[in-house]
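User: Please take a close look at a single part of this model and follow it outwards into the rest of the chain. Give the cut-offs behind the terms you use.

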Amino acid sequence: MVRYYGTVIRPPSEANSLILQVTYGCSHNKCTFCGTYLDKPFRVRPLEEVFEDIDSVKRYANDVTRVFLCDGNGMVLPQSHLLSVLDKLNSTFPNLQRVGIYANAKDILRKSLDDLTELRSRKLGIIYIGLESGSDLILRKVKKGASVEQQIEAVRKAQQADIKASVIAILGLGGRTLSEEHAVKTAYALNQMQPRFASFLTLMLVEGTELAEEYLRGEFELLQPVEFLKELRTIVENLELERTVFRTNHASNFLALEGVLSKDKEKILRELNRGINGEVPLRPDFFRAL
Ligand code: SF4
């Protein structure tokens, strides 16, 4: 049996993957909106334990095709450590097609292009990176620990190594005051990245986080459902993406949308306008989740 420690999250698109913890918690763990690993200090999981879990899966399912490595930021691991995990997965699961991982910009940039290509050759096929916002002002406010330029460079570098990038942004992260800046600059950053996937979450305040405290003190204004959709409409209007798959399929969103921006932009905008005008039902708050 695979053993899990503490809260474990994964992207919606990894729902059918084998989820394997190679680290515990997040090496950054400072973002003011993120409560996921507040109670789990960062630790590298011993390699022997990871191998034991892989072997235990092999006993009841050797046809694993996809694996997702968590927790927060597996890319922080030294190259040799990551290679050991990938080699073990490849030798254990002959039908393995793709391994995914959460990655922070600075950890991608710390690796050379050769390192990334080496990981790709061992089937590391996709990184999930939290841009969160294309505004440096907002990134500093939420203590993301990376600039927009670094995030753009990191995504380009991964893609140069033929690793797909799934970039995540958070609607409403600038509050009401910075909503326009957030929308326009996030679209600009995504245009610079041209990622394979662009996914959006809608901000939900998590008890115990710095951002929730700011909200309680009246220093941060949470958008209303329609305002979130209007912000997303501004982002979509400003996007110029060629092959990117656009998704709002995360459970935090009020409206689930999906399409390839280059051909579905008008359709996505139409659906957004219907949501804004109350012509389609929005996901009720009590059904939203992180
Ligand atoms: S948002 Fe990502 S990088 Fe920031 S603290 Fe949470 S897991 Fe870590």
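A loop, a helix and their surroundings

Analyst: Lys143 is partly exposed, because 15 other C-beta atoms lie within 10 Å; with C-beta atoms placed from the backbone, 20 or more such neighbours within 10 Å would make a residue buried and 12 or fewer exposed, with partly exposed in between. The model is predicted, so local features are taken only at pLDDT of at least 70 and side-chain atom pairs only at 80 or more, while totals for chains, interfaces and linings use all residues. Residues are numbered from 1 along each chain as its sequence is written.

Lys143 sits in the loop between H5 and H6; helices (H or I, at least four residues) and strands (E, at least two) are DSSP runs, numbered from the N terminus. Lys143 is not a glycine, yet its phi is positive, about 60 degrees. Helix H6 holds Gln159, which is partly exposed with 17 other C-beta atoms within 10 Å. From Gln159 to Glu271 there are 112 residues in sequence and 30 Å in space, C-alpha to C-alpha.

H5 (136–141) and H6 (148–160) are among the elements that cover the buried residues of helix H7, along with S6, strand S7 (164–171), strand S8 (197–202) and helix H9 (225–238). Contact here means C-beta atoms, placed from the backbone, within 7 Å. H7 (residues 179–193) has 15 residues, and its end C-alpha atoms are 21 Å apart, which agrees with the 21 Å expected at 1.5 Å a residue; that expected span is 1.5 Å times one less than the number of residues. The buried residues of H7 include His182, Lys185, Thr186, Ala189, Leu190 and Met193. An α-helix has 3.6 residues a turn, so residues three or four places apart point the same way.

After H7 comes Gln194, in the loop between H7 and S8. Gln194 is another non-glycine residue with a positive phi, about 45 degrees, and it is partly exposed, with 18 other C-beta atoms within 10 Å.

S6 (residues 124–132), which helps to cover H7, also gives six residues to the largest nonpolar core, the largest share of it. That core has 74 residues, of which Leu69, Ile127, Ile129, Ala158 and Val167 touch the most other members. A nonpolar core is a set of buried Ala, Val, Leu, Ile, Met, Phe, Trp, Tyr and Cys residues joined through C-beta atoms within 7 Å. Beyond four places in sequence, Leu69 is in contact with Leu20, Val22, Gly74, Val85, Val99 and Ile101.

Not far along the chain, a cis peptide bond joins Cys70 and Asp71, with omega about 15 degrees. Asp71 belongs to the loop between strand S4 (66–70) and helix H2 (79–92).

For the whole protein, there are ten helices and ten strands. Its radius of gyration is 19 Å, close to the 19 Å that the globule rule gives for 290 residues, so it is as compact as a globular protein of that length; the radius is taken over C-alpha atoms, and the rule is 2.2 Å times the number of residues to the power 0.38. Of the 290 residues, 41% count as buried. Among contacts between residues at least 6 apart in sequence, 78% join residues at least 24 apart.

Methods. Two residues are in contact if their C-beta atoms, placed from the backbone, lie within 7 Å.
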